[in-house]
Amino acid sequence: GQVVVSWNTDEPSTSQVEYAEGSSGTTYTNRTSEDLNLVTQHTVIVSDLPTSKVFHLRANSHDRAANSGVSE
């Protein structure tokens, strides 16, 4: 299975999604490769997920000055 994650930022930033098994948590054991293209409209596809399991995830971006923004 796969999940498509999209988000917007107010400054051009990188794109990455962190994720882990379970419906909630603060630990993210997996992450996609960081897309270093600086954009304001982000789309990341997380692939090869087992369809029988639940995952929690968060979006992660860094701007040119290395300021980071992470979703809740």
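How many helices and strands does the secondary structure of the protein come to? Zero helices and five strands. The legends below describe a predicted model.

**Figure 1. Overall fold of the predicted model.** Read along the sequence, the pattern is β-β-β-β-β. No helix appears in the secondary structure, which comes to five strands. The C-alpha trace spans about 40 × 20 × 15 Å along its principal axes. The radius of gyration is 12 Å. A compact globule with 72 residues would have a value near 11 Å, so the two agree.

**Figure 2. Burial and contacts across the chain.** Of the 72 residues in the protein, 29% are buried. Contacts with a separation of 6 or more are counted here. Residues 24 or more positions apart account for 68% of them.

**Figure 3. The aromatic pair Y19 and F55.** The structure holds one aromatic pair. Its partners are Y19 and F55. The geometry is edge-to-face. The rings lie 6.2 Å apart, centre to centre, with 70° between the planes. An angle over 60 degrees counts as edge-to-face, so the 70° between these planes earns the label. Y19 belongs to strand β1, F55 to strand β4. The two residues are 36 apart in sequence, so the pair ties together separated parts of the chain.

**Figure 4. Accessibility of the two ring residues.** Are Y19 and F55 buried or exposed? Y19 has a relative accessible area of 14%. That is under 20%, so Y19 is buried. F55 has a relative accessible area of 24%. This value falls between the cut-offs of 20% and 50%, so F55 is partly exposed.

**Figure 5. The largest pocket and its centre.** The largest pocket holds about 190 Å³ of space. Its lining is made of 14 residues. Closest to the centre are T9, S61, S68, G69 and V70. Three elements give two or more residues each to the lining: β1 (3-21), β4 (55-62) and β5 (68-70).

**Figure 6. Make-up of the pocket lining.** Which element gives the most to the lining of the largest pocket? β1 does, with five residues. By residue class, the lining of the largest pocket divides into eight polar, three nonpolar and three charged residues. Strands β1 and β4 both give two or more residues to this lining; they also carry the aromatic pair, with Y19 in β1 and F55 in β4.

Conventions:
Residues numbered from 1 in each chain as written. Predicted model: local features only at pLDDT ≥ 70, side-chain atom pairs only at ≥ 80, totals over all residues. Heavy atoms only, no water. 1 Å grid on protein atoms, 1.4 Å probe; cavity = no way out; pocket = protein on both sides within 12 Å on 5 of 7 lines; lining within 4 Å. Points joined across faces, edges and corners; volume = space filled by probe spheres on them. Helix = DSSP H or I, 4+ residues; strand = E, 2+ residues; numbered from the N terminus. Nonpolar A, V, L, I, M, F, W, Y, C, P; charged D, E, K, R; others polar. Phe/Tyr/Trp six-rings, centres within 6.5 Å; stacked < 30°, edge-to-face > 60°. Buried < 20%, exposed > 50% of the residue type's maximum accessible area, 1.4 Å probe, protein only. Rg over C-alpha atoms; globule rule 2.2 N^0.38 Å. Contact = heavy atoms within 4.5 Å.
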